[in-house]
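Please look through the sequence and the 3D structure below before reading on. The paragraphs that follow start from one pair of residues and then widen the view.

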Amino acid sequence: MSTKSYPRAKRVGQQIQRALSELIRRELRDPRLGMITLTDVRMSSDLSYAKVYYSVLGADPHLAQQILTQASDILRGPLGRALGIRHSPELRFVPDELIESGARLSALINKAVKDDEARHVDDEPATESEAAAESDDDAHYSSDDDDDGHYDSDEDDDSSSRR
């Protein structure tokens, strides 16, 4: 399959994703399949092949792959009729690993943050004298604020233009 993107291939892929998700829900009533989500459909440039990316919840991914591969020939006919196209593409089901890898990365990031926090527990909090020095540094910013706490640049501009 080509990596170049064709607008018609994208549109047909989106239509296939919608129609195929409905067909799988309606036609494949296999309880072993669990909840299946079609995440993406990528078409070949000549529209003869469709890679259908899916994720499964509550079922064995290998079993879901077998069920979908066996059902691909059964789903081609109704899919072509639902889309109104003469030649229905050959369906190739591919498990979508992006969701799993995203969850895995998220877990790794959370673990790294917890480890980092555990390492820095023995750091001392700021003393009162350091906190007072920081508040004195911020005091010079309040001189340009008006009563509402907002800086009014028009007053400075008006006074300089009148001179």
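Which residue in β3 does Tyr-54 stand opposite? In this model, which is predicted, the partner of Tyr-54 is Pro-95 in β3.

To place this pair in its surroundings, follow strand β2, which covers residues 49-57 and is joined to β3 by 6 bridges, with the two strands running parallel. Helix α2, made of residues 61-83, belongs to the picture as well, for β2, α2 and β3 make a β-α-β unit that is right-handed.

Strand β2 also holds Ser-55, and here one may ask whether this residue is buried or exposed. Ser-55 counts as buried because its relative accessibility is 17%, and the cut-off for that word is under 20%. If residues up to four places away in sequence are left aside, Ser-55 touches Met-35, Ile-36, Thr-37, Thr-39 and Ile-99.

How far the predictor trusts its own model varies along the chain, and a careful reader keeps this in view. The protein chain has a mean pLDDT of 78, with 71% of its residues at 70 or more. Confidence is highest in strand β3, residues 90-95, at a mean of 92, whereas helix α5, residues 153-162, has the lowest, at 50.

Two stretches call for separate mention. Over residues 141-145 the pLDDT stays under 50, and the model gives this stretch 5 contacts beyond four places in sequence. Over residues 159-163 the pLDDT likewise stays under 50, and for these residues the model has 0 contacts beyond four places in sequence.

Technical notes. Residues are numbered from 1 along each chain as its sequence is written. This is a predicted model: local features need pLDDT of at least 70, side-chain atom pairs count only at pLDDT 80 or more; totals for chains, interfaces and linings use all residues. Side-chain values use heavy atoms; hydrogens and water are left out. pLDDT is the predictor's confidence in each residue, from 0 to 100. Helices (H or I, at least four residues) and strands (E, at least two) are DSSP runs, numbered from the N terminus. Contact means heavy atoms within 4.5 Å. Two strands pair if DSSP finds at least two bridges between them. A crossover is right-handed if, with the strands pointing away from the viewer, the path from the first strand over the helix to the second runs clockwise. Buried means under 20% relative accessible area, exposed over 50%, partly exposed in between (1.4 Å probe, protein chains only).
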